[in-house]
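Thanks for sharing this one with me. I have put my notes into numbered points so that you can follow them with the model open beside you.

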Amino acid sequence: MSFEACAALVEKADPLRFRAAMAAPVSARKILFPLYAFNIEVARAPWVTQETMIAEMRLQWWRDALEEIAEGKTPRRHEVVDALAGCLDAEGARCLDGLVAARRWDIYSEPFEDRAHFDEYINATSAHLMWTAARLLGPADEGFVRDFGYGVGVANILQAYPALNGQGRKPLGDTSDAAIAELAASGQARLDKARKSRRSVSKAAGAALIAGYHARPVLQRVQREPARVVADALDVNPARDSLRFLNVTLRGWWH
């Protein structure tokens with residue numbers, strides 16, 4: 001039942017990843033849905049309360065659950081934790097702990113300290129998840145997956161900027177057109193780097209990368225029209241989005 005609960009949660013709260021998981025083989029979904037459900041629970045933990053202490057406690061609860069899995073203990077009862085324990089190994093649990101720790105930034109209103117801090121956040125919240133999924137699914141080169149995950153993470157945070165800014169967060173230290181375009185270009189450069197080494201990931205592990213199908217068009221558009229980020233005008237054409245998703249699922253994540 002825990003797996004079905006994870007799938008239902010992802011379908012409701014993260015339609016993009018739900019569609020990506022449903023495009024993967026059935027065997028891959030047994031890993032993807034628990035990981036994506038975990039990501040939802042952790043990502044929303046800082047936002048369900050205005051009390052910083054309670055938010056910190058919610059994140060710590062997930063870190064403790066991951067520690068139990070890593071140490072081979074019987075984990076606490078929770079539908080998502082139950083499903084995670086069935087597919088996650090100690091290495092994966094420790095990697096995802098870094099994801100939870102990085103989400104502490106979402107609790108507070110301080111901007112990132114510098115570009116290195118921003119990059120650490122993107123690597124932890126995007127690439128950690130993607131790498132854990134890919135590694136559990138099949139052979140893959142970690143550097144390659146992390147390059148791809150970074151590019152996807154940059155695209156995601158650019159799309160989320162208006163919502164984050166509206167909640168008093170400052171994900172972009174410099175909101176000038178030049179700085180935003182440069183950030184998008186750096187994200188695309190990592191996607192391009194991953195594309196060149198795409199043979200370093202097995203077909204099985206590639207199922208973890210389908211969820212990044214939208215990143216390249218987003219980054220390309222931001223480079224052409226960076227002002228759309230601040231203006232909350234990075235609208236997605238549903239027809240084009242569906243065609244791209246179909247192209248990626250049929251031809252490969254690198255297209």
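**Notes on the helix pair and the overall fold**

1. Let me start with a helix pair: H6 and H7 are roughly antiparallel to each other, because their crossing angle of roughly 155° falls over the cut-off of 145. Please keep in mind throughout that this is a predicted model. H6 covers residues 90–102 and H7 covers residues 115–137, and their axes come within 8 Å. The crossing of H6 and H7 is left-handed.

2. If you would like to display the side chains of this pair, here is who takes part. On the H6 side the contact is made by Glu 91, Gly 92, Cys 95, Leu 96, Gly 98, Leu 99 and Ala 102. H7 brings Tyr 121, Ala 124, Thr 125, His 128, Leu 129, Trp 131, Thr 132 and Arg 135. How do the residues of this contact divide into nonpolar, polar and charged? Eight are nonpolar, five are polar and two are charged.

3. Asn 39 is a good residue to look at next. It sits in helix H3, which spans residues 26–44. Buried or exposed? Asn 39 has a relative accessible area of 5%, so it counts as buried. Leaving out residues up to four places away in sequence, Asn 39 touches Arg 17, Leu 99, Thr 125 and Leu 129. Leu 99 of H6 and both Thr 125 and Leu 129 of H7 also take part in the contact between those two helices.

4. Now to Trp 62, in helix H4 (residues 52–70). Its relative accessibility is 6%, and Trp 62 therefore counts as buried. Beyond the residues up to four places away in sequence, Trp 62 touches Phe 38, Glu 41, Val 42, His 78, Val 80, Val 81 and Val 100. For Glu 41, the C-alpha to C-alpha distance from Trp 62 is 8.8 Å, with the two positions 21 residues apart in sequence numbering.

5. Close to the N terminus of the numbering, have a look at Phe 3, placed in helix H1 (residues 2–13). Its contacts, not counting neighbours within four places in sequence, are Arg 29, Lys 30, Phe 33, Pro 34 and Ala 83. Phe 3 and Leu 84 are 81 residues apart in sequence, yet their C-alpha atoms are 8.9 Å apart in space.

6. One backbone detail deserves a check. Asp 232 is not a glycine, but it has a positive phi of about 55°. Most residues other than glycine have a negative phi. Where does Asp 232 lie? It is in the loop between helix H12 (227–230) and helix H13 (238–251). With a relative accessibility of 57%, Asp 232 counts as exposed.

7. Finally, the whole chain. The protein has 13 helices and zero strands, so every element in the run from the N terminus on is α. A compact globule of 255 residues would have a radius of gyration near 18 Å, and the 18 Å of this protein agrees with that. The C-alpha trace spans about 50 × 45 × 30 Å along its principal axes. Of the 255 residues, 50% count as buried. Among contacts between residues at least 6 apart in sequence, 73% join residues at least 24 apart.

Methods:
Residues numbered from 1 in each chain as written. Predicted model: local features only at pLDDT ≥ 70, side-chain atom pairs only at ≥ 80, totals over all residues. Heavy atoms only, no water. Axes fitted to C-alpha atoms, helices over the stretch in contact; angles between N-to-C directions. Helix = DSSP H or I, 4+ residues; strand = E, 2+ residues; numbered from the N terminus. Parallel < 35°, antiparallel > 145°, perpendicular 65-115°, else oblique. Left-handed = near helix turned anticlockwise from the far one by under 90°. Contact = heavy atoms within 4.5 Å. Nonpolar A, V, L, I, M, F, W, Y, C, P; charged D, E, K, R; others polar. Rg over C-alpha atoms; globule rule 2.2 N^0.38 Å. Buried < 20%, exposed > 50% of the residue type's maximum accessible area, 1.4 Å probe, protein only.
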